[in-house]
Amino acid sequence: MPAVGLHAVIGTLFVTDVIASLDPRLDSTLLGLLVMTAWSGLAFAAAILLAWEEPEPVGRGRTAPGRGRLVPLVVLLALWAYLHFVQFLIVWSANLPPEVAWYFARGGWVGRALAIVAGAVVVLAGLATLRPGRPTTRILAGAALAVHALEMFWLVTPAVRDRFVLRPSDVLAAGAVSCLAAALRPLMRPRADRAASAARRAGRPA
């Protein structure tokens, strides 16, 4: 618990310095928690897509395949959507011109389309808990990964262009980060993951 509290404090300060300082029109104490929740959801969704398939549980008390990964993803998505709603509600009720301008810069057709898609992903994730499964979990993880990745551009790019728009340079930057992550993954993979990979190649249980 102390580590979680320390992470919340440091993460909030980091978000304030890196993201909020780019466009200081939004003075929100929720932004740090919101972005950290988005980062957590993005990381968990990426882990689901990159991890090996977990074996189907057997015996009494078994759960549906994929439920162990789907439920945390749904919780993160629900918390993320709730923080977005609360932040927007506070800005709307306060009617502060600078903060309203912050949202207007992130509106437009692209911003509205992203909001609709993000809302659909959250609703579908909640419905998926009724009948969880491995394919469903991986599809939702891919959708959550795309939404959270686009959200980072939604937060940052209007600080430079005063509106949310994606350009070829953004795509190239995202590709460079993805290549760097792929290159570092073998170095950061835990020993247990390597043992599981070797066991699978040998055709025996890990």
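A salt bridge here means a side-chain nitrogen of Lys or Arg within 4 Å of a carboxyl oxygen of Asp or Glu. Keep that cut-off in mind as we walk through this predicted model, because Arg106 and Asp23 meet it, with their closest N and O atoms 3.2 Å apart. That pair links distant parts of the chain: Arg106 sits in the loop between helix 4 (97-105) and helix 5 (108-128), while Asp23 sits in the loop between helix 1 (2-20) and helix 2 (31-50), 83 residues away. Both partners, Arg106 and Asp23, are buried.

Asp23 has another partner too. Its salt bridge with Arg25 brings the closest N and O atoms to 2.8 Å. The two ends of that bridge sit in different settings by accessibility: Asp23 is buried at 7% relative accessible area, whereas Arg25, at 25%, counts as partly exposed.

Now follow Arg25 outward. Arg25 also forms a salt bridge with Asp162, and here the closest N and O atoms are 3.4 Å apart. Arg25 is in the loop between helix 1 and helix 2, and Asp162 is in the loop between helix 7 (158-161) and helix 8 (168-188), so this bridge ties together parts that lie 137 residues apart in sequence. Put the shared partners together and you get one network made of Asp23, Arg25, Arg106 and Asp162. For the wider tally, a search of the whole structure turns up four salt bridges.

Asp162 deserves a second look for its backbone. Its phi is near 65 degrees, a positive value in a residue other than glycine. As a rule, most residues other than glycine have a negative phi. Asp162 is partly exposed, with a relative accessible area of 48%. Asn95 also has a positive phi without being glycine, in its case near 55 degrees. You'll find Asn95 in the loop between helix 3 (67-94) and helix 4, and at 57% relative accessibility it counts as exposed.

Step into helix 4 and you come to Glu99. What does a buried acid do without a salt bridge? Glu99 is exactly that case: the nearest side chain of opposite charge belongs to Arg25, and it is 10 Å away. In general, side chains of opposite charge can pair when their charged atoms come close. With the cut-off at 4 Å, that 10 Å separation is why Glu99 and Arg25 don't make the list. The Glu99 side chain does reach the backbone nitrogen of Asp27, at 3.3 Å. Leaving out residues up to four places away in sequence, Glu99 touches Arg25, Leu26, Asp27 and Val91. So Arg25 is a contact of Glu99 even though their charged groups form no salt bridge, because contact only asks for heavy atoms within 4.5 Å.

Last stop: helix 2. Its 20 residues reach 28 Å from the first C-alpha to the last, close to the 28 Å expected at 1.5 Å a residue. Among the buried residues of helix 2 are Leu31, Gly32, Leu34, Val35, Met36, Thr37 and Ala38. Further along helix 2, the buried set also includes Gly41, Ala45 and Ile48.

How values were computed. Residues are numbered from 1 along each chain as its sequence is written. This is a predicted model: local features need pLDDT of at least 70, side-chain atom pairs count only at pLDDT 80 or more; totals for chains, interfaces and linings use all residues. Side-chain values use heavy atoms; hydrogens and water are left out. Buried means under 20% relative accessible area, exposed over 50%, partly exposed in between (1.4 Å probe, protein chains only). Helices (H or I, at least four residues) and strands (E, at least two) are DSSP runs, numbered from the N terminus. Lys and Arg count as positive and Asp and Glu as negative; His and the chain ends are not counted. A polar contact is a pair of N or O atoms within 3.5 Å; within protein, one must be able to donate a hydrogen and the other to accept it, and residues adjacent in sequence count only if both atoms are side-chain atoms. The expected span of a helix is 1.5 Å times one less than its number of residues.
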